[in-house]
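Work through the exercises below with the structure open beside you. Try each task before you read its solution.

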Amino acid sequence: MINTKIYKAVYELAEKLMKAADKEDREAFDALYAQLEAICTENDNTDKDHPEQWETLADFTEELDEALAVYEKAFEKAVAVNSKDHMSSIAFSMAKLQVELGQTDAAISNLKNAQVTANKIEDGELKDEIDELLGKLTTG
């Protein structure tokens, strides 16, 4: 379980980041991103560390290669706590980025992993999205 205080802080920052992005307010976005990154860094490898904060950071990381590296860190943390929901959603997000980067084989591998972990979750919409993208990539 993610610490409630941290969850609220991450969620509020995510909402503010989306608003700043919608308004194209670069200064606010950068400041909010720095706050989110600080939370992640501060909690890294502590009992307050959680894949959700890292996944959220990756969601707002603009450089695709950097975002992929943050998703990989989030995925490792999800595996460490055996969170199937996070493992599935992070692997799916990684696969989408890998498709954009032309890394189709890596994307297919992540989607296959996501399919396996998604068998243990209740989010039917995510399962469908995983299956759909995997189908597109494997049938050409």
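The exercises that follow use a predicted model.

**Exercise 1. Class a residue by exposure**

Task: Decide whether Ala9 is buried, partly exposed or exposed.

Solution:
- Step 1. Locate the residue: Ala9 lies in helix 1.
- Step 2. Recall the cut-offs: buried means under 20% relative accessible area, and exposed means over 50%.
- Step 3. Apply them. Ala9 has 27% relative accessibility, so Ala9 counts as partly exposed.
- Step 4. Now take a distance. Ala9 and Ala67 are 58 residues apart in sequence, and their C-alpha atoms lie 20 Å apart in space.

**Exercise 2. Examine helix 3**

Task: Find which residues of helix 3 are buried, and which helices they pack against.

Solution:
- Step 1. Find the helix: helix 3 spans residues 51-59.
- Step 2. Count. Seven of the nine residues in helix 3 are buried, so the helix is mostly covered.
- Step 3. Name them: Pro51, Gln53, Trp54, Glu55, Thr56, Leu57 and Ala58.
- Step 4. Look at the neighbours. These buried residues pack against helix 1, helix 2, helix 4 and helix 5.

**Exercise 3. Map the nonpolar core**

Task: State which residues of the largest nonpolar core touch the most other members.

Solution:
- Step 1. Start from a general tendency: in soluble globular proteins, nonpolar side chains tend to be buried together.
- Step 2. Turn to this model. Its largest nonpolar core has 41 residues.
- Step 3. Pick out the best-connected members: Leu17, Leu36, Leu57, Phe60, Ile90, Leu111 and Ile130 touch the most others.
- Step 4. Trace the sources. At least two core residues come from each of helix 1, helix 2, helix 3, helix 4, helix 5, helix 6 and helix 7.
- Step 5. Zoom in on Phe60. Leaving out residues up to four places away in sequence, Phe60 touches Ala14, Leu17, Met18, Phe29, Tyr33 and Leu36.

**Exercise 4. Describe the largest pocket**

Task: Work out which helix gives the largest share of the pocket's lining.

Solution:
- Step 1. Note the volume: the largest pocket holds about 280 Å³ of space.
- Step 2. List the lining. It has 17 residues, and Asp59, Tyr71, Phe92, Ser93 and Lys96 are the closest to the centre.
- Step 3. Assign elements. Helix 3, helix 4, helix 5 and helix 7 each give two or more residues.
- Step 4. Choose the top contributor: helix 5, with six residues.
- Step 5. Sort by class. The lining has seven nonpolar, three polar and seven charged residues.

**Exercise 5. Check an annotation**

Task: Find how much of residues 57-114 is helix.

Solution:
- Step 1. Read the record: an unreviewed UniProt entry places a "coiled-coil region" at residues 57-114.
- Step 2. Compare the model. This stretch is 83% helix and 0% strand.
- Step 3. Check the ends: their C-alpha atoms are 20 Å apart.

Key: Residues numbered from 1 in each chain as written. Predicted model: local features only at pLDDT ≥ 70, side-chain atom pairs only at ≥ 80, totals over all residues. Heavy atoms only, no water. 1 Å grid on protein atoms, 1.4 Å probe; cavity = no way out; pocket = protein on both sides within 12 Å on 5 of 7 lines; lining within 4 Å. Points joined across faces, edges and corners; volume = space filled by probe spheres on them. Helix = DSSP H or I, 4+ residues; strand = E, 2+ residues; numbered from the N terminus. Nonpolar A, V, L, I, M, F, W, Y, C, P; charged D, E, K, R; others polar. Core = buried A, V, L, I, M, F, W, Y, C linked by side-chain atoms within 4.5 Å. Buried < 20%, exposed > 50% of the residue type's maximum accessible area, 1.4 Å probe, protein only. Contact = heavy atoms within 4.5 Å. UniProt positions renumbered as here; feature names shortened; annotations may be inferred.
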